[in-house]
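Here's a quick tour for anyone meeting this structure for the first time. Take a look at it before reading on.

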Number of protein chains: 4
Amino acid sequence: MAAVEAALRSHPARPTHPDAMSRCMEACFNCAGTCTACADACLSERGVEGLLGAIRQNLDCAAICLATGSVVTRSKAGASRQVLESQLSVCIAACRACGDECRRHGEAHRHCRVCAQVCDDCAQVCTDMMATLRAVV
Amino acid sequence: MAAVEAALRSHPARPTHPDAMSRCMEACFNCAGTCTACADACLSERGVEGLLGAIRQNLDCAAICLATGSVVTRSKAGASRQVLESQLSVCIAACRACGDECRRHGEAHRHCRVCAQVCDDCAQVCTDMMATLRAVV
Amino acid sequence: MAAVEAALRSHPARPTHPDAMSRCMEACFNCAGTCTACADACLSERGVEGLLGAIRQNLDCAAICLATGSVVTRSKAGASRQVLESQLSVCIAACRACGDECRRHGEAHRHCRVCAQVCDDCAQVCTDMMATLRAVV
Amino acid sequence: MAAVEAALRSHPARPTHPDAMSRCMEACFNCAGTCTACADACLSERGVEGLLGAIRQNLDCAAICLATGSVVTRSKAGASRQVLESQLSVCIAACRACGDECRRHGEAHRHCRVCAQVCDDCAQVCTDMMATLRAVV
């Protein structure tokens with residue numbers, strides 16, 4: 001999302017970390033998209049009964065990632081720091097839970113394998129964003 | 001949202017607290033709607049420069065409430081308890097932050113006064129939902 | 001959502017139909033919540049394989065209703081009329097498609113029966129909102 | 001979003017156009033993110049009173065793009081074709097309206113210039129997706 005970073009770089013509040021912010025938003029939206037695709041693929045699998053947990057985690061993770069991506073994008077201009085950090089935390093937890101569940105089905109289903117990796121990556125990027133926030137004070 | 005409660009009451013997983021769940025979802029969606037309306041009303045106020053913080057808090061609170069309402073509705077069938085509780089927590093924090101900010105403008109603008117009350121109510125309902133979850137173990 | 005209506009009534013742009021707007025937003029958010037609950041209940045049904053179409057329609061309808069509710073709330077202050085009318089149209093189509101699909105499972109599952117009714121109601125309220133918009137010119 | 005495409009390629013329903021679908025979802029989510037960033041940057045501009053239309057269009061466009069991205073991702077497994085095409089149409093209209101409005105502020109504000117371009121691109125990708133759908137019958 002080079003465009004998001006470009007937009008943030010011209011934000012009058014001059015965010016100190018537009019690259020970290022745009023990377024975090026991109027990771028969140030990418031994760032939301034992949035979870036949505038994985039949930040739909042799971043619904044079409046022959047053994048859908050064994051994938052119900054994965055579908056629910058996918059839907060939760062997608063909803064939480066979309067909210068997080070949106071909140072992160074507004075984060076430079078004074079939204080509550082506590083709310084931002086809490087939303088990043090819950091996003092990390094949701095990505096980990098979804099990644100763990102999808103990994104259990106990763107051998108059988110490539111979409112679950114892909115999704116587990118994307119969830120792990122998103123959790124890492126959100127963790128990095130949190131570290132960046134704290135470094136800036 | 002009597003319909004949401006009715007739908008949850010016929011959920012095969014037999015949630016132990018469909019009334020608390022539907023109340024929580026209703027409060028979250030109602031808060032999202034009111035924050036969206038308040039943000040738009042703030043944008044139209046003559047002194048919009050003094051309301052930028054309220055607008056941002058409104059948008060964050062709306063995004064977080066929508067995610068929370070969606071996660072809560074799936075909560076009876078085994079989504080991660082930790083994720084659910086964390087999402088409720090961040091929703092409470094977002095509602096309090098938004099409510100506090102809107103209250104600062106409550107004398108001047110009725111929509112901010114209304115919104116502050118709705119945010120407070122949503123924070124309380126989410127707190128109750130958390131207590132219900134813990135009582136059930 | 002008396003609060004949404006109250007917030008809209010104090011909107012500086014003085015919407016000519018705050019009651020229709022708040023009713024439409026309420027119907028959209030209520031429908032999104034009910035569809036989310038119905039999708040999750042369907043996932044827990046023994047015969048989930050027969051309900052996959054309903055689950056997908058529920059998820060689509062919920063996503064579309066949330067967007068519509070949000071757009072409608074900003075509608076009095078000059079967002080594009082064409083976009084607003086088109087979003088209402090697609091919401092009506094999504095509610096009808098989801099309602100029809102859920103009705104097919106209404107005898108077997110109360111949550112589908114409830115959801116079909118809520119979808120029908122939302123389609124009607126969106127149709128009324130469109131008529132109100134056109135009457136105002 | 002190579003991951004989204006990979007997930008769709010392993011979807012059991014074997015979508016005939018996973019590349020077009022993932023490109024469309026990526027464009028929609030990228031547009032939602034850029035519009036969210038542009039709205040927040042506009043809020044911080046000195047002349048915010050002149051940007052209120054752009055902020056509202058940005059928020060509408062973001063909401064509509066998120067819904068569209070989500071619906072498109074579920075599109076291969078039998079969601080209503082009419083709903084899908086209608087949602088793509090309204091997304092194209094919202095992107096064009098937002099792009100036009102942002103372009104009016106493009107000389108003064110780089111984030112508006114960037115956003116206008118992203119909106120135009122998203123409208124084009126959604127138009128292509130529609131053509132692909134129709135070619136497949």
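What follows is a short walk through how some of the chains meet and how the copies are related.

Keep in mind that this is a predicted model. The main stop is the meeting of chain A and chain D, where about 2600 Å² of area gets buried. After that come the rotations that lay one chain on another, starting with a turn of 180 degrees for chain A and chain D.

**Where chain A meets chain D**

- On each side the tally is 32: that many residues of chain A are in contact with 32 residues of chain D.
- Of the area buried between these two chains, carbon and sulfur atoms give 71%.
- Three residues of chain A lose the most area to chain D, namely Pro12(A), Phe29(A) and Asp40(A), and together they make up 17% of what that side buries.

**Polar and charged links**

- How many salt bridges does the rule find across the interface of chain A and chain D? It comes up with zero.
- Polar contacts do turn up, though: five residue pairs are counted between chain A and chain D, with both residues at pLDDT 80 or more.

**What chain A brings to the interface**

- Four helices of chain A each supply at least two residues of the side that touches chain D: α1 (2-9), α2 (18-44), α3 (52-73) and α5 (110-136).
- Which one gives the most to that side? That's α2(A), with 11 residues.
- Sorted by class, the side of chain A that touches chain D has 17 nonpolar, 10 polar and five charged residues.

**How chain A and chain D are related**

- Turn chain A by 180 degrees, with a shift of 0.0 Å along the axis, and it can be laid on chain D with an RMSD of 0.0 Å.
- The two copies are thus related as by a two-fold rotation axis.
- Phe29(A) shows up again here: of the residues of chain A, its C-alpha comes closest to the rotation axis, at 3.2 Å.
- The copies meet through the same surface, because 100% of the interface residues of chain A are also interface residues in chain D.

**How chain B and chain A are related**

- Chain B can be laid on chain A by a turn of 180 degrees and a shift of 0.0 Å along the axis, giving an RMSD of 0.0 Å.
- For this axis, the nearest C-alpha in chain B belongs to Ala67(B), 3.2 Å away.
- Here, 100% of the interface residues of chain B are also interface residues in chain A, so these copies meet through the same surface.

Note on methods:
Residues are numbered from 1 along each chain as its sequence is written. Chains are lettered from A and ligands numbered from 1 in the order in which they are written. This is a predicted model: local features need pLDDT of at least 70, side-chain atom pairs count only at pLDDT 80 or more; totals for chains, interfaces and linings use all residues. Side-chain values use heavy atoms; hydrogens and water are left out. Contact means heavy atoms within 4.5 Å. Buried area is the accessible area (1.4 Å probe) that two parts lose on being put together, summed over both. A salt bridge is a side-chain nitrogen of Lys or Arg within 4 Å of a carboxyl oxygen of Asp or Glu. A polar contact is a pair of N or O atoms within 3.5 Å; within protein, one must be able to donate a hydrogen and the other to accept it, and residues adjacent in sequence count only if both atoms are side-chain atoms. Ala, Val, Leu, Ile, Met, Phe, Trp, Tyr, Cys and Pro count as nonpolar, Asp, Glu, Lys and Arg as charged, and the others, Gly among them, as polar. Copies are superposed by least squares on the C-alpha atoms of residues with pLDDT of at least 70 in both.
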